[in-house]
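Here is a friendly walk through the model shown below. Keep the viewer open while you read, and rotate it as each part comes up.

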Amino acid sequence: MSIGNVLGNDKRGRIELGAEKKVGWDEVTHGVVLHSFEDDATDVSSRKAEDRNYAQFSSYVATVASWRVIKPVYNRDICIDCQNCWIYCPDTSIISRDKQMLGIDYDHCKGCGVCVEVCPTNPKSLLMFAEAHNPEDALASWPEKKKKEEK
Ligand code: SF4
Ligand code: SF4
């Protein structure tokens with residue numbers, strides 16, 4: 001399964017939050033509810049994501065990618081599929097299927113770097129790079145395995 005199959009449809013990430021002036025977080029009425037779906041969601045779990053009628057401000061439809069200044073880059077060659085990054089990511093932006101790490105959901109990743117901190121491999125399988133950094137260049141410059149310090 002490719003990441004494109006997991007994320008790829010024309011609804012996901014099509015609205016960029018913050019691109020135009022909307023209500024700020026400190027202006028929202030207390031107790032307001034943002035519904036996830038536009039219509040009756042009774043049978044939503046039986047529908048494929050692309051067939052669900054997501055509301056305009058659901059995290060599925062909206063993207064916050066423009067908030068990020070640094071991004072994690074994933075190196076499949078080193079990853080051991082331990083799932084640490086998936087467990088700890090505060091934005092559910094690690095894509096994993098059947099306990100296999102597939103990559104980063106760049107529509108929702110905020111660039112916090114938590115996934116890099118919890119990655120146990122040597123060298124790490126996720127590293128932070130500038131947002132504009134080309135992923136192929138990032139992979140080409142990946143650090144070597146660190147040797148244990150002699151006592
Ligand atoms: S940088 Fe932060 S938000 Fe992005 S995938 Fe890693 S833990 Fe998640
Ligand atoms: S924490 Fe590192 S080794 Fe574990 S699944 Fe994530 S990228 Fe792979």
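## A hairpin, a core and two ligand shells

In this predicted model, the hairpin of E4 and E5 has 2 residues between its strands, and Asp-98 there takes a positive phi near 50 degrees. Strand E4 covers residues 94-97 and strand E5 covers residues 100-104; the two run antiparallel and are joined by 4 bridges. Across the pairing, Ser-96 stands opposite Met-101 in E5. The loop between E4 and E5 also holds Lys-99, whose phi is positive too, near 65 degrees. With 9 other C-beta atoms within 10 Å, Lys-99 is exposed.

Another backbone feature of this kind sits elsewhere. Gln-83, in the loop between E3 and helix H2 (84-88), is not a glycine, yet has a positive phi of about 80 degrees. Is Gln-83 buried or partly exposed? Gln-83 counts as partly exposed because it has 14 C-beta neighbours inside 10 Å. As background, most residues other than glycine have a negative phi, and most peptide bonds are trans. A cis bond does turn up here, between Asn-122 and Pro-123, with omega about 0 degrees. Pro-123 belongs to the loop between helix H3 (114-118) and E6.

Stepping back, the protein contains 4 helices and 6 strands, in the order α-β-β-β-α-β-β-α-β-α along the sequence. Of its 151 residues, 16% are buried. Among contacts with a separation of 6 or more, 62% link residues 24 or more positions apart.

The largest nonpolar core has 13 residues, and Cys-85, Ile-94, Cys-115 and Leu-126 touch the most other members. Strand E3 (70-74), E5 and strand E6 (126-130) each give two or more residues to this core, with the largest share, 3 residues, coming from E5. Beyond its neighbours within four places in sequence, Cys-85 is in contact with Ile-94, Met-101, Cys-115, Val-118, Cys-119 and Leu-126.

Which residues are closest to ligand 2? They are Cys-79, Cys-82, Cys-85, Cys-119 and Ser-125, so to speak of Cys-85 is to speak of both the core and this shell. The two shells are set side by side here.

| Ligand | Surrounding residues | Closest residues | Classes in the shell |
|---|---|---|---|
| Ligand 1 | 13 residues | Cys-89, Cys-109, Cys-112, Val-114 and Cys-115 | 8 nonpolar, 3 polar and 2 charged residues |
| Ligand 2 | 13 residues | Cys-79, Cys-82, Cys-85, Cys-119 and Ser-125 | 8 nonpolar, 4 polar and 1 charged residues |

Cys-115 is listed among the residues closest to ligand 1 and among the core members that touch the most others.

Notes: Residues are numbered from 1 along each chain as its sequence is written. Chains are lettered from A and ligands numbered from 1 in the order in which they are written. This is a predicted model: local features need pLDDT of at least 70, side-chain atom pairs count only at pLDDT 80 or more; totals for chains, interfaces and linings use all residues. A residue is near a molecule or strand if its C-beta atom, placed from the backbone, lies within 6 Å of it. Ala, Val, Leu, Ile, Met, Phe, Trp, Tyr, Cys and Pro count as nonpolar, Asp, Glu, Lys and Arg as charged, and the others, Gly among them, as polar. Two strands pair if DSSP finds at least two bridges between them. A residue is buried if 20 or more other C-beta atoms lie within 10 Å of its own, exposed if 12 or fewer, and partly exposed in between; C-beta atoms are placed from the backbone. Two residues are in contact if their C-beta atoms, placed from the backbone, lie within 7 Å. A nonpolar core is a set of buried Ala, Val, Leu, Ile, Met, Phe, Trp, Tyr and Cys residues joined through C-beta atoms within 7 Å.
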